[in-house]
Amino acid sequence: MRNLFILMFMLAATVFVGIFVIVVVTTPTLYDKGMSVLPIAAGLGMALAVPVAWFVARAISRATQTGR
């Protein structure tokens with residue numbers, strides 16, 4: 001379960017951080033403050049990836065258990 005969680009976290013973190021950074025770069029009011037907003041956006045993406053990765057890893061682990 002731990003290895004699956006780490007793999008799902010790497011995938012989810014990349015997606016969420018990328019989405020939030022693109023939002024910052026494409027929004028003119030946020031782009032002007034980019035150097036202070038980009039780390040916040042990246043941190044939010046990483047924080048959001050943790051529960052998503054946990055739920056996905058748990059669902060995959062339960063679905064692939066023997067006897068189901």
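**View 1. The buried residues of helix H1.** In this predicted model, helix H1 keeps Met8, Ala12, Ala13, Phe16, Val17 and Val24 buried. So what lies over them? The cover includes helix H2 (28–31) and helix H3. While you're looking at H1, check its length too: its 25 residues should span 36 Å at 1.5 Å a residue, and the end C-alpha atoms are indeed 36 Å apart, so the two values agree.

**View 2. The buried residues of helix H3.** Now hop over to H3, where Gly34, Val37, Ala41, Gly45, Ala49, Ala53 and Ala57 are buried. Helices H1 and H2 are among what covers these residues of H3. From first C-alpha to last, H3 reaches 42 Å with its 30 residues, which is close to the 44 Å expected at 1.5 Å a residue.

**View 3. Where H1 meets H3.** Here you can follow H1 (residues 2–26) as its axis comes within 6 Å of the axis of H3 (residues 34–63). At what angle do the two axes cross? The answer is roughly 145°, and the crossing of H1 past H3 is right-handed. What kinds of residues make up this contact? Sorted by class, there are 26 nonpolar and two polar residues, with no charged ones.

**View 4. An aromatic pair between two helices.** Searching the whole structure turns up two aromatic pairs. One of them is Phe5 with Trp54: the ring centres sit 5.9 Å apart and the planes meet at 70°, and since an angle over 60 degrees counts as edge-to-face, that is what this pair is. Phe5 belongs to helix H1 and Trp54 to helix H3, so the pair links parts of the chain that are 49 residues apart. Phe9 joins in as well, as Phe5, Phe9 and Trp54 form one aromatic cluster. Is Trp54 buried, partly exposed or exposed? With a relative accessible area of 42%, Trp54 is partly exposed, because that value falls between the 20% limit for buried and the 50% limit for exposed.

**View 5. Ile60 and its contacts.** Take a last look at helix H3, where you'll find Ile60. Ile60 has a relative accessible area of 34%, so this residue counts as partly exposed. Which residues does Ile60 touch, if you leave aside neighbours within four places in sequence? Those contacts are with Leu4 and Met8; Met8 is one of the buried residues of H1. Phe5 is worth finding here too: Ile60 and Phe5 are 55 residues apart along the chain, and their C-alpha atoms are separated by 9.8 Å.

Key:
Residues numbered from 1 in each chain as written. Predicted model: local features only at pLDDT ≥ 70, side-chain atom pairs only at ≥ 80, totals over all residues. Heavy atoms only, no water. Axes fitted to C-alpha atoms, helices over the stretch in contact; angles between N-to-C directions. Helix = DSSP H or I, 4+ residues; strand = E, 2+ residues; numbered from the N terminus. Left-handed = near helix turned anticlockwise from the far one by under 90°. Nonpolar A, V, L, I, M, F, W, Y, C, P; charged D, E, K, R; others polar. Expected span 1.5 Å × (residues − 1). Buried < 20%, exposed > 50% of the residue type's maximum accessible area, 1.4 Å probe, protein only. Contact = heavy atoms within 4.5 Å. Phe/Tyr/Trp six-rings, centres within 6.5 Å; stacked < 30°, edge-to-face > 60°.
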